[in-house]
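Colleague: Could you take me through one part of this model in detail? I'd like to hear about the helix packing, and then whatever you have on a pocket.

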Amino acid sequence: MLLLILFGIGGLVIFMVISQVLKSGSTSHSEGKQSRSYHRERDNNIVTISQLKIALLASATDVQSGLTELSLRVDTSTEEGLRELLQESILILLRNSEYWTHHINSSQKIHIDKAEANFNRLSLEERSKLSSETLSNVEGNIKQTSVTSPDNELAMYIVVSLLVGTAHDQPLFGDIRTPDDLKEALNHLGSMPSDYLLKFELIWSPQTENESLTYDEFITEYTNMVELV
């Protein structure tokens, strides 16, 4: 399932990619202790829902253009395409690490029966900041409307959010305080086994490379973000 949506409110624009890959019940692996441990984690009833938001200075315009190009190019209806979207998004962020300013993260294990509801709740929390759909691309059916951006305040920030559901039975990362901590978390997220990625949502705001969030917009919409030290 492929869903590309742009939402906008008062000049804020968010681009969202949602894709879900249904997994088969078993996968062949070599025998041994590592394989048995892999099976226990991959096939039990525990998954993780992880969210990682990164604020960058508005001068990191390559982030917006890179994520736009990537999302239009990758086929997220396949497991390989979904993994490519996650990995390439992470690479774009890592290549622009000098622009990082703030972050917020969470990663928790949860029973699989509650995972979908938890994932959707986090997604809705992010989307509830916005009021109107400005672009949708559902399996090639594209609808687009314009959004007028205010220009009376100094633009300062871009925010990228990764929301990921995986087959891990433990949190993917813990406390993040420094840019090095954040790099480690991103690298860990990007290096997971290919069939661990169950669901992925990519959001960035604003989507257009000539737009960015003012300081007031940033502190209003992303009040919980923590400055990197």
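Modeller: Let's start with a handedness: α3 and α5 cross in a left-handed way. Bear in mind that this is a predicted model. Helix α3 covers residues 79-95 and α5 covers residues 179-190, and their axes come within 9 Å, crossing at roughly 160°. Since angles over 145 degrees count as roughly antiparallel, that makes α3 roughly antiparallel to α5. On the α3 side the contact uses R83, L86, Q87, I90, L93 and L94, which meet K183, L186, N187, L189 and G190 of α5. Sorted by class, the residues of this contact come out as 6 nonpolar, 3 polar and 2 charged.

Helix α3 also packs with α2 (residues 61-73), at an angle of about 170° and with the axes 10 Å apart. So α2 is roughly antiparallel to α3 as well. Here α2 brings V63, G66, L67, L70, S71 and R73, while α3 offers E84, L85, E88, S89 and I92. The class split for α2 with α3 is 5 nonpolar, 3 polar and 3 charged.

Now for the pocket. The second largest one holds about 230 Å³ of space. Its lining has 15 residues, and those nearest the centre are Q51, K53, I104, E126 and N224. Strands β3 (46-57) and β4 (100-111), along with helix α4 (112-127), each give at least two residues to that lining. By class, the lining of this second largest pocket has 5 nonpolar, 5 polar and 5 charged residues.

Notes: Residues are numbered from 1 along each chain as its sequence is written. This is a predicted model: local features need pLDDT of at least 70, side-chain atom pairs count only at pLDDT 80 or more; totals for chains, interfaces and linings use all residues. Side-chain values use heavy atoms; hydrogens and water are left out. On a 1 Å grid over the protein atoms alone, a cavity is a set of points where a 1.4 Å probe fits but cannot get out, and a pocket is an open set with protein on both sides within 12 Å along at least five of seven lines; lining residues have an atom within 4 Å of a point. Grid points are joined across faces, edges and corners, and a volume is the space filled by probe spheres set on the points. Helices (H or I, at least four residues) and strands (E, at least two) are DSSP runs, numbered from the N terminus. Ala, Val, Leu, Ile, Met, Phe, Trp, Tyr, Cys and Pro count as nonpolar, Asp, Glu, Lys and Arg as charged, and the others, Gly among them, as polar. Axes are lines fitted to C-alpha atoms, for helices over the stretch in contact, and angles run from 0 to 180 degrees between N-to-C directions. Angles under 35 degrees count as roughly parallel, over 145 as roughly antiparallel, 65 to 115 as roughly perpendicular and the rest as oblique. A crossing is left-handed if the near helix is turned anticlockwise from the far one by less than a right angle, and right-handed if clockwise. Contact means heavy atoms within 4.5 Å.
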